[in-house]
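Me: Can you walk me through how the labels on this model are earned? I'd like the reasoning behind each one, kept informal.

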Amino acid sequence: MMEFTVLTIFPEMVAAFWEHGIIRRAIERKKIFASALNIRDFATDRHQVTDDRPYGGGSGMIMKPEPLAGAIAAAEKTMPAARKILLTPRGRVFNQSVAWELAACEGLILVCGRYEGIDERICHGLIEDEISIGDYILSGGELAAMVIIEAVTRLIPGALGADDAVENDSFSNGLLEYAHYTRPPVFEDQHVPEVLLSGHHRKIENWRLESSLMRTLLKRPELLHGRELNNREREILKKWSDEIQRILEPYQRSKKRGDCE
Ligand code: SAM
């Protein structure tokens with residue numbers, strides 16, 4: 001069973017997350033175990049202070065090292081094989097392949113910063129990985145931890161119901177997912193593509209692959225660069241390329257004529 005522990009000064013934020021949807025079902029199915037430790041409980045002073053002013057001056061507060069170290073040690077005690085990850089904007093950027101990598105871990109200890117961040121000394125020895133969920137700044141690591149937990153849980157065998165298959169999800173095969181339709185067959189003059197109503201499985205499969213390739217090409221072409229294409233995918237792209245070539249031919253011919261005149 002995959003275990004997640006979130007180290008945070010706001011455990012209530014993540015506690016609500018365990019109680020809904022896929023995460024709740026995965027916990028009930030005993031595919032994951034999720035918990036949070038309050039960093040404040042590991043503060044060493046009477047007032048349970050977890051932050052202090054930065055050495056060298058400047059604005060904002062820094063999370064003190066002792067409570068963080070205490071929380072990490074406590075999490076490690078129950079999850080010795082877990083990967084210790086700091087959520088930070090300077091980390092490697094999270095994506096589906098990082099999600100697959102993390103899904104192979106026995107557990108994840110997710111350390112959430114707040115304020116201006118954490119004392120640098122925590123990163124030397126106590127942290128094994130640094131992950132960002134994108135090039136923007138959040139006020140704390142909790143949302144980032146929840147994003148990672150949700151994306152990773154989806155990949156754990158048996159965590160999703162049979163109806164929520166992941167193999168067709170965007171990025172699972174390096175492409176964006178095909179377009180979806182449900183009833184009614186006509187909505188505001190827009191018709192569901194005929195082939196999807198045909199019951200012809202092979203044609204539906206082909207249509208979905210074309211839809212998937214088309215979306216990827218138009219919306220995220222960089223995903224196609226460097227991705228190995230199978231024969232069928234190459235055939236489809238070649239068909240489009242020939243079609244585009246045919247459309248452009250008259251213009252290319254007239255340009256050549258113009259060049260000669
Ligand atoms: N001063 C820091 C900087 O410029 O990199 C930002 C600190 S941010 C306000 C507070 C905390 O939110 C960070 O310590 C980190 O844990 C979390 N955080 C903010 N943005 C994040 C992101 N894009 N990915 C992951 N964690 C993030």
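What follows is a chat about the ligand site and a few backbone oddities in this predicted model.

Me: What makes glycine 113 a polar contact of the ligand?

Reply: A backbone N or O atom of glycine 113 sits 2.9 Å from an oxygen atom of the ligand. The cut-off for such a pair of N or O atoms is 3.5 Å, so the pair at 2.9 Å counts as a polar contact.

Me: And which ligand atoms do glutamate 116 and tyrosine 136 pair with?

Reply: Nitrogen, in each case. For glutamate 116, a polar backbone atom is 3.1 Å from a nitrogen atom of the ligand. For tyrosine 136, a backbone N or O atom lies 2.8 Å from a ligand nitrogen. As for cover, the ligand taken alone exposes 580 Å², and the protein buries 81% of that.

Me: Where does the ligand sit, in pocket terms?

Reply: The space it takes is the largest pocket. There are 19 residues around the ligand, and Leu87, Gly113, Gly134, Tyr136 and Leu138 come nearest.

Me: Which strands each supply at least two residues of that shell?

Reply: β5 (83-93) and β7 (129-132) do. The largest share, three residues, comes from β5.

Me: What is the make-up of the shell by class?

Reply: Nine residues are nonpolar, eight polar and two charged. Keep in mind that Gly goes under polar and Tyr under nonpolar in this scheme.

Me: Why is lysine 30 called exposed?

Reply: Its relative accessibility is 61%. Exposed means over 50%, so lysine 30 earns the label. Lysine 30 is found in the loop between α2 (21-28) and β2 (32-38), and has a positive phi of about 60° although it is not a glycine.

Me: Why does phenylalanine 171 get "partly exposed" instead?

Reply: Phenylalanine 171 comes in at 37% relative accessibility. Buried needs under 20% and exposed needs over 50%, so 37% lands in between and phenylalanine 171 counts as partly exposed. Phenylalanine 171 also has a positive phi, about 80°, without being a glycine. Its place is in the loop between α5 and β8.

Me: What kind of peptide bond joins arginine 183 and proline 184?

Reply: A cis one, with omega at about 5°. Proline 184 is found in the loop between α5 (142-153) and β8 (186-187).

Conventions
Residues are numbered from 1 along each chain as its sequence is written. This is a predicted model: local features need pLDDT of at least 70, side-chain atom pairs count only at pLDDT 80 or more; totals for chains, interfaces and linings use all residues. Side-chain values use heavy atoms; hydrogens and water are left out. A residue is near a molecule or strand if one of its heavy atoms lies within 4 Å of it. A polar contact is a pair of N or O atoms within 3.5 Å; within protein, one must be able to donate a hydrogen and the other to accept it, and residues adjacent in sequence count only if both atoms are side-chain atoms. Accessible areas come from the Shrake-Rupley method with a 1.4 Å probe; for residues, only the protein chains shown count as cover. On a 1 Å grid over the protein atoms alone, a cavity is a set of points where a 1.4 Å probe fits but cannot get out, and a pocket is an open set with protein on both sides within 12 Å along at least five of seven lines; lining residues have an atom within 4 Å of a point. A molecule sits in a cavity or pocket if more than half of its atoms lie within 2 Å of its grid points. Helices (H or I, at least four residues) and strands (E, at least two) are DSSP runs, numbered from the N terminus. Buried means under 20% relative accessible area, exposed over 50%, partly exposed in between (1.4 Å probe, protein chains only).
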